[in-house]
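Please look over the model below alongside these notes, which take up a helix pair, one residue and the nonpolar cores in turn.

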Amino acid sequence: MLVSPLEVWFPDGLGIETLALVMLVALAAGWIDAVVGGGGLLQLPALLLVPGLAPVQALATNKLSSIFGTATASVTYVRRVRPDMRTALPMAGFALAGSFGGAAVATVLPAAVFKPIIVVAMLAVAIFVAVRPTLGAATSLRFARNRHLVVACALGAGIGFYDGILGPGTGTFLIIALVSILGYDFISSSAKAKIVNLATNMGALLLFIPTGSVMWGLGLSMAMMNMVGGYLGSRTAIARGSGFVRVVFLVVVGMLILKLGYDVWDESIRT
């Protein structure tokens with residue numbers, strides 16, 4: 001959908017109360033996203049409630065706001081946790097490419113095809129993490145260097161593809177993969193996930209900006225709050241440690257399962 005340049009600042013009908021609400025939601029979403037990912041569970045539904053905002057504009061504006069919060073959290077993690085960039089950067093590059101591929105597939109194949117598989121996978125992961133309280137408490141890498149990098153890049157491409165075709169909980173999926181497959185602790189995983197998620201958000205924006213779908217005024221207003229939330233969330237995660245991140249992780253995964261599960265049920269009822 002192409003939008004006139006005059007229509008990409010604020011949507012018609014946006015009142016002060018609604019603007020204040022979405023900015024508050026952006027603050028909370030930035031905090032959640034910085035700790036375990038999944039901030040889009042709050043931010044995207046809030047944007048869909050804005051009068052006069054089309055779904056594609058909500059998706060694009062959500063990415064604009066999120067990329068600022070993700071960048072802020074990434075910088076904070078890099079400065080304080082010092083994640084292994086030899087893994088994070090190649091993984092981010094493959095994730096960006098994957099997000100382009102996912103977006104391309106999304107134009108010809110409905111996302112509903114993938115949702116039931118994702119719900120089952122997330123439920124299995126939630127149970128796996130819940131019954132293993134020591135999982136993610138400390139880093140214990142499962143692959144040698146070259147194989148480690150290959151697996152990391154494959155995971156980045158796959159999760160980037162997911163972000164392009166569906167999106168909700170991308171940061172959470174990254175943490176799932178980094179903890180359960182590669183063997184990082186939760187804090188290191190959160191740090192790397194932010195760097196990779198920054199790339200997937202950037203990939204999506206490269207697709208959305210040329211179409212004029214981004215509401216720049218609304219997105220940048222939310223971005224300021226998302227940055228504050230991202231900074232506070234990353235500081236909280238670092239200060240409280242992997243045990244705290246694990247608890248928040250399980251809560252957010254539970255929310256994702258309920259949300260995607262409801263989508264699957266709702267779509268099956270309609271068809």
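1. Two helices count as oblique when the angle between them is neither under 35 degrees, nor over 145, nor from 65 to 115. Please bear in mind that this is a predicted model. Helix 1 and helix 3 pack at an angle of about 45°, with axes 10 Å apart, and the two are therefore oblique to each other.

2. The crossing of helix 1 and helix 3 is right-handed. On the side of helix 1 the contact is made by Ala26, Asp33, Ala34 and Val35, while helix 3 brings Ser65, Thr70, Ala73 and Tyr77. Sorted by class, this contact has 5 nonpolar, 2 polar and 1 charged residues.

3. Is asparagine 226 buried or exposed? Buried means under 20% relative accessible area, and asparagine 226, at 4% relative accessibility, therefore counts as buried. Asparagine 226 is found in helix 9, which covers residues 216–240. Leaving aside residues up to four places away in sequence, asparagine 226 touches, among others, Ala26, Ser65 and Thr70.

4. The largest nonpolar core has 48 residues, of which Val36, Met122, Val245 and Phe249 touch the most other members. Among the elements that give two or more residues to this core are helix 1, helix 3 and helix 10, and the largest share, 9 residues, comes from helix 10.

5. Valine 36, again not counting residues up to four places away in sequence, touches Gly171, Thr172, Ile175, Val245, Val248, Phe249 and Val252. Apart from the largest core lies another, of 15 residues, including Val25, Leu47, Met215 and Leu218.

Terms used: Residues numbered from 1 in each chain as written. Predicted model: local features only at pLDDT ≥ 70, side-chain atom pairs only at ≥ 80, totals over all residues. Heavy atoms only, no water. Helix = DSSP H or I, 4+ residues; strand = E, 2+ residues; numbered from the N terminus. Buried < 20%, exposed > 50% of the residue type's maximum accessible area, 1.4 Å probe, protein only. Contact = heavy atoms within 4.5 Å. Core = buried A, V, L, I, M, F, W, Y, C linked by side-chain atoms within 4.5 Å. Axes fitted to C-alpha atoms, helices over the stretch in contact; angles between N-to-C directions. Left-handed = near helix turned anticlockwise from the far one by under 90°. Nonpolar A, V, L, I, M, F, W, Y, C, P; charged D, E, K, R; others polar.
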